[in-house]
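Reader: I should be grateful for a close look at a single part of this model, beginning with any position that a record singles out and proceeding to the strand surroundings.

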Amino acid sequence: MEHIRTTKVEQVKLLDRFATNNKSLTGTLYLTATHLLFIDSLQKETWILHHHIASVEKLALTTSGCPLVIQCKNFRIVHFIVPRERDCHDIYNSLLQLSKQAKYEDLYAFSYNPKQNDSERLQGWQLIDLAEEYKRMGVPNSHWELSDANQEYKICETYPRELYVPWTAKKTVIVGSSKFRSKGRFPVLSYYHQDKKAAICRCSQPLSGFSARCMEDERLLEAISKANPVNCYMYVVDTRPKLNAMANRAAGKGYENEDNYSSIRFQFVGIENIHVMRSSLQKLLEVNGTKGLSVNDFYSGLESSGWLRHIKAVMDAAIFLARAIMVENASVLVHCSDGWDRTSQVCSLGSLLLDSYYRTIRGFMVLIEKDWISFGHKFSERCGHLDGDPKEVSPVFTQFLECVWHLTEQFPQAFEFNEAFLLQIHEHIHSCQFGNFLGNCQKEREELKLKEKTYSLWPFLLEDQKKYLNPLYSSKSHRFIVLEPNTVSFNFKFWRNMYHQFDQTLHPRQSVFNIIMNMNEQNKQLEKDIKDLESKIKQRKNKQTDDILTKELLHSVHPESPTLKTSLCFKEQTRLPVNDSLRTIEGSSPADNRYSEYAEEFSKSEPAVVSLEYGVARMTC
Amino acid sequence: MEFAELIKTPRVDNVVLHRPFYPAVEGTLCLTGHHLILSSRQDNTEELWLLHSNIDAIDKRFVGSLGTIIIKCKDFRIIQLDIPGMEECLNIASSIEALSTLDSITLMYPFFYRPMFEVIEDGWHSFLPEQEFKLYSSATSQWRLSYVNKEFAVCPTYPPIVIVPESIDDETLRKVATFRHGGRFPVLSYYHQKSKRVIMRSGQPLTGTNGRRCKEDEKLINATLRAGSRGYIIDTRSLNVAQQARAKGGGFEQEAHYPQWRRIHKSIERYHILQESLIKLVEACNDQTHNMDRWLSKLEASNWLTHIKEILTAACLVAQCIDREEASVLIHGTEGTDSTLQVTSLAQIILEPRSRTIRGFEALIEREWLQAGHPFQQRCAQSAYCNTKQKWEAPVFLLFLDCVWQILRQFPCSFEFNENFLIMLFEHAYASQFGTFLGNSESERCKLKLQQKTMSLWSWVNQPSKLSKYTNPLFEANNLVIWPSVAPQSLLLWEDTLLSFHLLPRDDAAQRPSPDADPVLLDF
C-alpha cells in the first residue's frame with residue numbers, strides 16, 4: 001500500500017497498439033494493491049495484474065499528455081496517455097515498485113483468497129499425486145525402485161524427495177555419482193515405458209573436465225542400461241550444442257566420454273542456452289510490435305530472431321527420444337548443463353509424444369508437476385517473479401508450451417485440451433496467483449509453506465474444464481498412438497494467439513472451435529431432453545390406460561417446448577469462452593480498429609480533401 | 001485421328017508410379033489423346049488419370065535402360081513414372097510433351113468430353129446478365145443494360161451486354177471507348193444497396209503525354225455521382241507506373257478534368273512479377289531439406305504473401321469507400337483485366353453477403369472474371385514449373401482465390417462454400433474437362449461456340465450430389481460487412497494448395513479431393 005500514491009486518474013487515453021491514426025479510448029485508470037484497472041467510456045474493463053508487468057516505460061511528454069507504455073509477460077502491451085505528468089510519474093513509480101517484489105510473501109498468491117476452507121485447499125493440493133503417476137507408469141517394479149537417498153534433500157537440494165533409480169544402484173553409487181554431477185543432480189528416472197521396458201532418465205552434466213572419471217557414475221549409468229532387459233546400449237543425449245559442452249570442460253564440467261562408459265551412445269542435439277532464448281524472444285517481440293509491419297519485414301524478423309529454429313530444435317530432440325524408445329527399444333539419459341531447463345523441455349515433450357495420457361487435461365498437469373515443478377525448473381527465476389537477476393529470466397517453459405501447440409496443430413484430434421488451456425497455464429506461471437509455480441525447487445516450496453498459505457491452480461482449471469476441452473478430441477483412435485510429428489520447416493508457424501493474445505484485431509472474427517463446442521453442448525442437452533421425455537412417456541404408460549395417454553401426451557410435451565427453446569438460446573450466448581467473446585463477428589462498429597488500417601489517407605481529417613495524396617496533388621495541377 | 005500421330009507408343013507395361021505418401025503402384029501406362037492413364041489392372045487399386053493439359057513440365061532421367069519421367073502438374077503435384085526401355089520412355093516423354101502443348105483450343109479435352117451425368121441445369125445459362133441486372137433494377141433506376149457491344153465491335157474484351165448509367169446513350173459510350181484502353185469504357189461492377197453507391201471498372205484513360213481529355217468520359221463517370229457528392233478513383237498501379245504509362249499513350253485521370261473525384265494509387269503487381277513469385281514459392285515449398293532460416297527467407301523472397309496483402313488492402317480500401325465514406329468508386333489499372341478484377345471482386349466478397357454463397361460466388365466469377373474479360377487462356381497456360389518465359393502467364397486468378405481463402409479463414413462461418421470449392425476452381429482454371437475457363441474473352445468463347453460444343457463447369461458443380469462436398473456446414477448467413485485483417489501476422493500460407501503434396505493427412509481433417517473424380521469417356 002505504501003507504494004500507491006495515486007489510486008485514480010481520470011481522462012486517461014488508451015492507444016491502440018497497431019492503429020496508424022492514434023485512435024484511442026478515453027477512460028479512468030485505477031491502481032489497486034494487486035491490479036491496474038482501466039475502465040473506458042464504454043465501461044469495458046482492462047485488468048492488468050501487477051505481477052504480469054514486465055516493464056514500464058515513461059516516454060517523452062507530448063502535447064496530449066504523458067505516455068506510459070506497459071509491457072506484460074503475457075505479451076499484452078498497453079499504451080496509456082496520462083494528461084498530467086505528475087500523475088503519470090506517480091503511477092510509473094508505483095508500478096515499478098509493485099511489479100517487482102523483493103519477498104515471496106508479498107506475492108499475490110499469499111493474499112489471494114478464493115473463499116475455500118482449509119480442507120478444500122488441501123484437497124486441491126492433493127489433486128496431482130506423483131506417486132500415483134509413477135505407479136501408473138509401472139514403477140516400482142523388478143528393475144526400478146524408489147530411493148530414499150534424497151529423503152532429506154541431503155544429496156540434491158533441487159530434486160524432489162522421492163526419486164526412482166535402478167534397484168541395482170546402491171546408495172554409495174548414488175552418492176558417488178551425485179558428487180560427479182553438476183549441482184548433485186545424478187541420473188534418475190523421468191519416464192518409464194511399460195511396453196518397451198525402456199526409460200527416459202535425466203541428470204545434469206558430469207564434472208568430467210578434460211579427463212576426470214567417476215566409477216560410481218559409470219556404474220549408475222550401467223545400472224540404468226541394464227535395467228532395460230531388451231536393449232544392451234543406451235543413449236546419452238546432451239541437449240547442448242557441442243561447442244558449449246566443450247567449453248564447459250575448461251570449467252571442470254563437460255560431457256560423458258564414450259570410452260569410459262560401457263555401452264552408451266553419446267549424442268548432441270544442439271538446443272541453445274537460456275540467454276540465447278531470451279534475446280531471441282526479445283527480437284521476435286520487437287518485430288511484432290512494429291506498426292504497419294510489412295510481410296517481408298515480418299518474415300525476415302521471424303527468421304533473424306531464430307525463434308522457430310529454436311522451437312524446431314527442441315521438437316527434434318524430443319522426437320529423437322521417442323524414436324530411441326519406440327524404434328530401438330533403448331533407454332535414454334538426457335542432460336544439459338544443470339538439467340533443469342533444456343532437460344525438462346526434452347524429457348516432458350518426449351514423454352508427451354510417447355504417452356497419450358499426457359495429452360489429456362489431467363495428464364498434462366501431471367506432466368508439468370513431474371518434469372517441471374518437482375525436478376526443479378527454476379520457475380521463479382525464469383519468470384522473474386521477484387526482483388532478481390534479469391539474466392536468469394528466460395522463456396524456457398513458454399517454448400515447451402509452444403512445442404505442444406505445434407503438436408496440437410499437427411494432430412488436431414490427439415489432445416483433450418485446446419489452445420486456451422495452454423494460454424491459461426502460461427498466464428498463471430507469471431501471475432503468482434497460485435502457489436504451484438512459486439519458488440525454484442521443492443525444498444524451497446516446502447520452506448515457504450505454500451500448501452498452507454496458497455492455493456493450487458489445478459483444481460481451478462479442472463473446474464473450468466469445459467472451456468479447455470478440444471471438441472475434435474478422439475480419445476479412442478489416439479489412445480495408444482505415438483505421435484510422430486513432421487518437423488519440416490514449413491510445419492512451424494508463428495503462434496499468433498500467444499504472442500498477440502490481446503491484439504483482437506489480428507485474429508479471426510469467428511471461431512469454429514466455439515461453434516463446435518456450442519453444438520456439442522446443444523446436442524448433449526437435446527439428448528438429455530429426449531431421455532427425459534422418453535422416461536416420462538414410460539411412466540405415463542405404466543400409470544394410465546392407453547386412451548388417456550394419447551390425449552395427454554400432446555399436452556404434456558407442448559408446454560415444455562417453449563421454455564426449452566429459450567433456455568437453449570440463452571445458453572448459446574453465455575457459453576462463449578470469455579476471451580473469445582470479443583472476437584465474435586464484427587461488422588459495422590465504428591470502433592473497429594481495422595477500419596483505419598487499410599489506408600492512412602482516411603485518417604487525416606475529412607475537410608482536407610485536396611491533400612489526400614500529396615504527390616498526386618502536386619503533379620496534376 | 002490427328003492425336004494418333006502424336007502418340008508414338010500408346011501402351012507400356014510394367015511401369016511404376018511413385019507419388020508422395022502413397023505406395024508405389026506397378027501397372028500399365030496408356031496414352032490417349034487427352035489422358036495419361038496408369039492402371040494396375042487389379043481391383044481396389046487406384047488408377048491414375050491425368051489430363052495432358054494439367055502437365056506443366058516434364059523431366060527425363062535414365063539409369064541404364066530404365067527411364068524415369070517426372071511429371072510436374074499445373075496444380076503443383078509431382079509424380080514419377082519408371083518406364084522400362086529407353087525407347088519407350090523417350091516415346092512416352094515426347095508424346096506427353098506434344099499432347100500437353102497443343103496449339104489449337106478446339107483440340108482440347110472439353111471439346112471431346114461427354115458428360116456421364118444428367119444435366120439438370122445448363123450452366124451456360126445460369127448467370128445471364130439480364131437476370132443479374134434484375135437484382136439491381138428493382139433497387140435503382142439509375143442504370144440500364146446496353147447492347148452497344150453486341151458484335152464485340154466497341155470493346156473486344158467486354159461481353160455483349162453491359163450495365164451503364166441510365167443517362168448515357170450508346171453513342172457516348174462509343175466515344176468513351178476510344179478514350180479507354182482496349183475500349184474498356186467504365187461499366188457497373190457492383191451496386192451497393194445500403195449506401196446506394198457503386199463500384200465501376202474500366203481500362204486506363206488514354207491521356208498520353210499531352211494530357212488528352214474526353215468530355216464524354218467525364219460526363220459518363222460524373223453521371224454516377226449525386227449532386228455535390230464525390231467519388232474515388234482507385235488506380236491499381238503506383239503513381240510512378242501510372243505516370244510512365246503516359247509515354248505509351250496511357251495515363252490516369254487528371255484532377256483538373258475530374259474535380260469531383262479523388263484519385264488514390266495502390267500498387268498491385270502484375271504479369272511476370274506474379275509468375276516469378278509463384279515459381280519461387282512453389283520451389284521453396286517443394287524443397288523439404290530447407291532449414292528454418294532458409295525456408296523463412298525463401299518464403300519471404302517469393303513475395304507471395306506481400307502480393308496477397310497488397311490486393312486485400314486495395315479491396316478493403318474500396319469497400320471502405322463504399323461502406324464508410326459512402327462514395328462511389330471507379331477502379332482501373334492498365335488494361336483493367338487483372339488487378340482491377342481482383343479488387344472489384346474481393347470488395348464484393350467483403351461487402352455483399354450474396355457473393356459469399358455458392359451461387360453468388362459463381363455469379364461473381366462469371367460476371368467479374370469470365371464476362372469481364374480476364375484472359376484465362378493466356379494467364380493459365382503455364383503454372384509454377386514452366387521454364388519457358390512467356391509474357392502472358394500470371395497466377396492472377398489463383399491470387400484472388402488465395403485472398404478469398406484468407407478471408408474465409410478469418411470468417412469461417414460467413415461463407416456457404418468451403419476451401420475445397422476454391423481448390424476445385426483453381427484446378428479447373430488450369431486444366432478441365434469443362435469449357436468454362438477456355439478462351440480469353442466472351443468474344444473468343446462465342447467464336448469457339450463453347451456453349452454448343454462443351455459442357456459448363458457450373459452444370460457439373462451445381463448438382464446437389466457434387467455441392468455437398470463444397471458446402472460449409474458451419475455457414476450462417478449474415479448481412480454484415482466483413483473486414484479482414486491484413487496484418488502479416490494474420491495472413492497464412494494456403495497449405496492445401498501449395499503444400500498439400502508434402503503434408504500427409506494425419507487426422508481425418510480436410511483431405512484433398514481428387515481433382516477429377518468424375519468418370520470420363522475415352523475419345524478413342
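Author: In this predicted model, the residue to begin with is Cys336(A), which the unreviewed UniProt entry annotates as "active site". Cys336(A) lies in the loop that links β14 (331-335) to α10 (342-354) of chain A. Its relative accessibility is 3%, and because buried means under 20%, Cys336(A) counts as buried. Leaving aside residues up to four places away in sequence, Cys336(A) touches Cys203(A), Ser204(A) and Gln205(A), then Asp238(A), Thr239(A) and Arg240(A), and also Asp341(A), Arg342(A) and Thr343(A).

The strand surroundings may be described in chain B, with β12(B) as the point of reference. Strand β12(B) spans residues 231-235 and is mostly covered, five of its five residues being buried. This holds for both faces: Gly231(B), Ile233(B) and Asp235(B) are buried on one side, while Tyr232(B) and Ile234(B) are buried on the other.

Two pairings of β12(B) can be followed in turn. With β13(B), residues 261-265, β12(B) runs parallel and is joined by five bridges; within this pairing, Ile233(B) stands opposite Arg263(B). Helix α6(B), residues 239-247, belongs to the connection, as β12(B), α6(B) and β13(B) make a right-handed β-α-β unit. With β14(B), residues 329-332, β12(B) also pairs in the parallel sense, here over four bridges. In that pairing, Tyr232(B) has Val329(B) as its bridge partner.

Terms used: Residues are numbered from 1 along each chain as its sequence is written. Chains are lettered from A and ligands numbered from 1 in the order in which they are written. This is a predicted model: local features need pLDDT of at least 70, side-chain atom pairs count only at pLDDT 80 or more; totals for chains, interfaces and linings use all residues. Side-chain values use heavy atoms; hydrogens and water are left out. Buried means under 20% relative accessible area, exposed over 50%, partly exposed in between (1.4 Å probe, protein chains only). Two strands pair if DSSP finds at least two bridges between them. A crossover is right-handed if, with the strands pointing away from the viewer, the path from the first strand over the helix to the second runs clockwise. UniProt positions are given in the numbering used here, feature names are shortened, and annotations may be inferred rather than shown by experiment. Contact means heavy atoms within 4.5 Å.
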